[in-house]
Amino acid sequence: MIHESIVSCVGRTPLIALSRQFPPPGPAVAAKLEMLNPSGSMKDRSASHILDLGLRQGLITRNTHLLESTSGNFGIALAMVARVRDLSLTCVVDPGITPSNLRILRTLRANIETVTEPDECGSYLAARIERVRALAESIEESFWVNQYANELNWRAHDEGTGAEILAELDRPIDYLVAPVSTTGTILGVSRCLRRAFPALRVVAVDAIGSVIFGGSPGPRKIPGLGANRVPELLSPGEIDDVIWVSDREAAAGCRELAVSEGILAGGSSGAVVAAIGKLLPQLPSSAEILAILPDRGERYLDLVYDDEWCAALPHLLSNNASHGEAEPFGLFAESNDGEIFDDCRH
Ligand SMILES: Cc1ncc(COP(=O)(O)O)c(C=O)c1O
């Protein structure tokens, strides 16, 4: 089959057993390898869904100028689709953008607007949103994609990621474990899977320092994981448990996954691996777990796969006492950070 364009290659990602990382007799863990989407992440799904539906419905035309506050995978996915559909795109970024992401965005001909003024907490979020609003006012026929509030974000994962998982599974799953930022992925996939498996427990993996589930803001270094704002899409009642992971734990999870399974994955995938490691002792060996692994690891060679970068990370404990909610599995009473830090240093 010859595809119409790279956009029609989005999705149909494989589901694989992580039986080397999580061997029997413990619970079985299957992973949806979203990193195999063409621009490198699961964000291809929401970007192509939002833009293509917008084009079909006439909300977006060839004269539309797309705007988004993004310095990561979503910007890259939008830039890929915008090239193919011949649309202009401006990504509002901040100085925290990684050099490789900036180069990728520029290579794909996205316009870049960089904000430079952080707020008193050191976050550029307010400045980025303000710049998007200003651009929306000054550019004719602009369209703010707004992944944190756009309902098509989660729908892309309900109709895409979730539906594919259902079609591929030969048995029910008990736990969905997925990293969060906009929460579009976890909500879309869980809404789909819950229709088939009403007893499904949905476990969000968030970064320490993210405010999504009521935590206090703090420094976070893993791109794509966590958020400095509560996404409009968030529906807390649909998330059963939250596991907070430190940057160090996420980095160690990435390294373990590379060695055990030969999968070079991005930082949030490492966070998922670390979170499952915390979850497993609480579960019966008959439990079936489904994990979402969002992106590839090449863009993280200077981050989680770099010894010096890891060595400079603070030694945070995964103690969620400051995050308000009850400890879901009692997972945080004892941290296994020490072990993970050792891995990270090697
Ligand atoms: C690498 C990575 N992991 C996890 C997420 C979180 O996904 P969502 O925004 O759907 O919650 C993102 C979002 O950008 C991401 O880029």
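Here is a student and a tutor talking through a predicted model.

Student: Let's start with the layout. Which domains is the protein divided into?
Tutor: One of the pieces is made of two stretches of the chain, 6-38 and 153-345, and that is domain 1. The other runs over 43-144. So the division is into domain 1 (6-38 + 153-345) and domain 2 (43-144).

Student: And what distance separates the centres of domain 1 and domain 2?
Tutor: The two domains are in contact, with 20 residues of domain 1 meeting 17 residues of domain 2. Their centres, taken over C-alpha atoms, are separated by 25 Å.

Student: Which helix gives the most to the side of domain 1 that touches domain 2?
Tutor: By class, that side has seven nonpolar, nine polar and four charged residues. Six residues of that side come from one helix, residues 151-168, and that is the top contribution: helix 5.

Student: Now the ligand. Why does it lie between the domains?
Tutor: Look at who supplies the shell around the ligand. Because residues come from both sides, the ligand lies between domain 1 and domain 2.

Student: Which residues come nearest to the ligand?
Tutor: There are 19 residues around the ligand. By class, the shell has six nonpolar, eleven polar and two charged residues. The ones that come nearest are Ser 181, Thr 182, Thr 185, Gly 224 and Ser 268.

Student: Which helix gives the most to that shell?
Tutor: Two elements give two or more residues to the shell, helix 2 (73-85) and helix 6 (184-196). With three residues, the one giving the most is helix 6.

Student: On to the inside. Which residues touch the most other members of the largest nonpolar core?
Tutor: This core has 61 residues, and helix 8 (residues 267-279) gives the largest share, seven residues. Leaving out residues up to four places away in sequence, Val 177 touches several residues, among them Val 203, Val 272 and Ile 289. The members that touch the most others are Leu 176, Val 177 and Val 205.

Student: What should helix 1 span, going by its residues?
Tutor: Helix 1 covers residues 43-57, which is 15 residues. At 1.5 Å a residue, counting one less than the number of residues, the expected span agrees with the distance between the end C-alpha atoms, so both come to 21 Å.

Student: What do the buried residues of helix 1 pack against?
Tutor: The buried residues include Ala 47, Ile 50 and Leu 51. Their packing partners are helix 2, strand 6 (142-144), helix 5 and helix 6.

Conventions. Residues are numbered from 1 along each chain as its sequence is written. This is a predicted model: local features need pLDDT of at least 70, side-chain atom pairs count only at pLDDT 80 or more; totals for chains, interfaces and linings use all residues. A residue is near a molecule or strand if its C-beta atom, placed from the backbone, lies within 6 Å of it. Helices (H or I, at least four residues) and strands (E, at least two) are DSSP runs, numbered from the N terminus. Ala, Val, Leu, Ile, Met, Phe, Trp, Tyr, Cys and Pro count as nonpolar, Asp, Glu, Lys and Arg as charged, and the others, Gly among them, as polar. Domain bounds come from an automatic or database domain assignment. A nonpolar core is a set of buried Ala, Val, Leu, Ile, Met, Phe, Trp, Tyr and Cys residues joined through C-beta atoms within 7 Å. A residue is buried if 20 or more other C-beta atoms lie within 10 Å of its own, exposed if 12 or fewer, and partly exposed in between; C-beta atoms are placed from the backbone. Two residues are in contact if their C-beta atoms, placed from the backbone, lie within 7 Å.
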